[in-house]
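Student: Could you take me through a close look at a single part of this protein, and then follow the packing outward from there? I would like one connected account that I can check against the coordinates.

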Amino acid sequence: MIVNVIYGANNDYVKYLGTSLLSLFKNKLPSTELSVSILDDGITEENKIKLKKCVVPFAGDIHFIDIRHLDLAALPIPPWGTHGLRTTYARLYAPYFVNYEKFIYLDCDTLVLKDLKRFFDIEIESVPFGAVGHAIRGEATGIAMFAKEYNVALAHYFNAGVLLVNRVLWLRENITEKSIAFILKYQPTTVDQDALNYICANNFKILDSNFNDTSNVKNKNAVIIHFISKPLKYYSYVCRYNKKLFFRYFKETPWGGKKLIFPDRNIKTRFKKPIMVFLRILKIWPLIENMKSTK
């Protein structure tokens with residue numbers, strides 16, 4: 001059986017995408033065949049060649065699907081800005097761009113440390129997707145806050161950066177259309193993730209955390225590490241073990257000798273992040289985060 005994998009990326013995220021691709025192919029078993037598609041929102045031809053170089057040593061190949069025609073102008077811009085927003089929304093449309101009955105969706109800021117066939121073989125015939133539970137707004141009690149805010153019964157809140165998708169059920173249940181309607185109505189900060197949690201409340205399979213480890217701690221059992229709460233563009237946040245893992249793979253990509261940080265077009269974020277680093281050094285920022293989560 002072929003393991004189908006989908007990413008979404010624009011030209012700013014190719015360094016992360018290349019690193020994730022290299023880890024994906026490097027850690028697969030010889031018996032596992034991969035089919036990888038990239039939802040391409042303006043990746044340059046030069047960078048496409050470099051991305052292919054990441055997988056050629058492993059006899060791998062990747063397929064680009066141009067999504068620049070996707071009209072997302074009516075969708076809201078969250079407080080964190082437009083950087084990568086189109087590919088974030090494009091995740092909701094992924095089932096329309098491929099013909100696979102089942103696929104794994106991966107964010108670019110992931111490392112695949114083990115063969116994915118065991119993940120891909122998980123049974124999800126009765127649900128539109130499987131996902132890993134995630135503490136919302138810094139606390140597990142945030143689930144209750146989410147349920148109260150949107151008036152929905154919620155047993156688990158999941159992270160949408162790694163999904164095992166049953167495309168047939170996703171399309172049959174109109175997950176994309178319902179998610180877009182939710183986003184237009186509520187304009188949530190965590191756009192597609194909140195939408196999917198609302199639309200598919202308790203209608204998904206909860207998966208082992210090792211398939212989407214967002215803990216930012218040393219975990220040798222992790223199948224996929226996801227650098228979600230500690231953004232790699234400010235990689236001083238990342239724990240030493242995970243940072244070393246990431247750069248071990250990054251240095252093998254065609255971008256390995258260059259600076260990793262991509263340009264930040266959000267002026268507010270440019271000033272906020274260095275202040276956050278300083279406050280973390282003083283051990284003040286965690287206190288501020290805890291105060292936010294209790295509001």
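Tutor: Happy to! Let us begin with helix 5, in what is a predicted model. The cover over the buried residues of helix 5 includes helix 7 and helix 8. Those buried residues are Gly142, Ile143, Phe146, Ala147 and Tyr150. Looking down the axis of helix 5, you will find them within an arc of 145°, so they line one face of the helix. Ala144 and Lys148 sit on the other side of helix 5, where they are exposed. Just after helix 5 comes Asn151, with a positive phi of about 55°.

Now let us cross over to helix 7, which spans residues 175-186. Its length is a nice check to run yourself: with twelve residues at 1.5 Å a residue, helix 7 should span 16 Å, and its end C-alpha atoms are 16 Å apart, which agrees. The buried residues in helix 7 are Ile175, Thr176, Ser179, Ile180, Phe182 and Ile183. Viewed down the helix axis, they fall within an arc of 160°, so here too the buried residues line one face of their helix. Their packing partners are helix 3 (85-97), helix 5 (142-150), helix 6 (167-172) and helix 8 (191-199).

The chain just after helix 7 is worth a pause. Gln187 lies in the loop between helix 7 and helix 8. Its phi is positive, about 50°, although Gln187 is not a glycine. Most residues other than glycine have a negative phi. With a relative accessible area of 52%, Gln187 is exposed, because the cut-off for that class is over 50%. Thr189 has its place in the loop between helix 7 and helix 8 as well. Its relative accessible area is 45%, so Thr189 counts as partly exposed. If you would like a distance to check, the C-alpha atoms of Thr189 and Pro76 are separated by 9.6 Å, with these positions 113 residues apart along the chain.

Another positive phi in a residue other than glycine is found at Ala59, where the value is near 55°. Ala59 belongs to the loop between helix 2 (45-55) and strand 3 (62-66). At 76% relative accessibility, Ala59 counts as exposed.

Back to the partners of helix 7: helix 3 is one of them, and Ala90 is found in helix 3. At 0% relative accessibility, Ala90 counts as buried. Leaving aside neighbours within four places in sequence, Ala90 is in contact with Leu39, Ile67 and Leu70. The C-alpha atoms of Ala90 and Leu70 are separated by 8.1 Å, and the two residues are 20 apart along the chain.

For a buried residue in a strand, try Phe129, which is found in strand 6 (residues 129-133). Its relative accessibility is 0%, so Phe129 counts as buried. Beyond its neighbours within four places in sequence, Phe129 is in contact with Ile124, Phe158, Leu163, Leu164, Val165, Asn166, Trp170, Cys200, Phe204 and Lys205. Phe129 and Lys102 are 27 residues apart along the chain, and their C-alpha atoms are separated by 9.0 Å.

One more helix pair gives you some packing geometry. Helix 1 (residues 14-26) and helix 9 (residues 240-250) pack at an angle of about 90°, and their axes are 9 Å apart. The two helices are therefore roughly perpendicular to each other. Helix 1 makes this contact with Lys15, Tyr16, Thr19, Leu22, Ser23 and Lys26, while helix 9 makes it with Phe246, Tyr249 and Phe250. Sorted by class, the contact has five nonpolar, two polar and two charged residues. In helix 9, the buried residues are Asn242, Leu245, Phe246, Phe247, Tyr249 and Phe250. Their cover includes helix 1, strand 5 (110-112) and strand 9 (224-226).

Finally, here is the wider setting. The protein has eleven helices and nine strands, and buried residues make up 55% of its 295 residues. Among contacts between residues at least 6 apart in sequence, 75% join residues at least 24 apart.

Definitions and conventions
Residues numbered from 1 in each chain as written. Predicted model: local features only at pLDDT ≥ 70, side-chain atom pairs only at ≥ 80, totals over all residues. Heavy atoms only, no water. Axes fitted to C-alpha atoms, helices over the stretch in contact; angles between N-to-C directions. Helix = DSSP H or I, 4+ residues; strand = E, 2+ residues; numbered from the N terminus. Parallel < 35°, antiparallel > 145°, perpendicular 65-115°, else oblique. Contact = heavy atoms within 4.5 Å. Nonpolar A, V, L, I, M, F, W, Y, C, P; charged D, E, K, R; others polar. Expected span 1.5 Å × (residues − 1). Buried < 20%, exposed > 50% of the residue type's maximum accessible area, 1.4 Å probe, protein only. Arc of directions from axis to C-beta.
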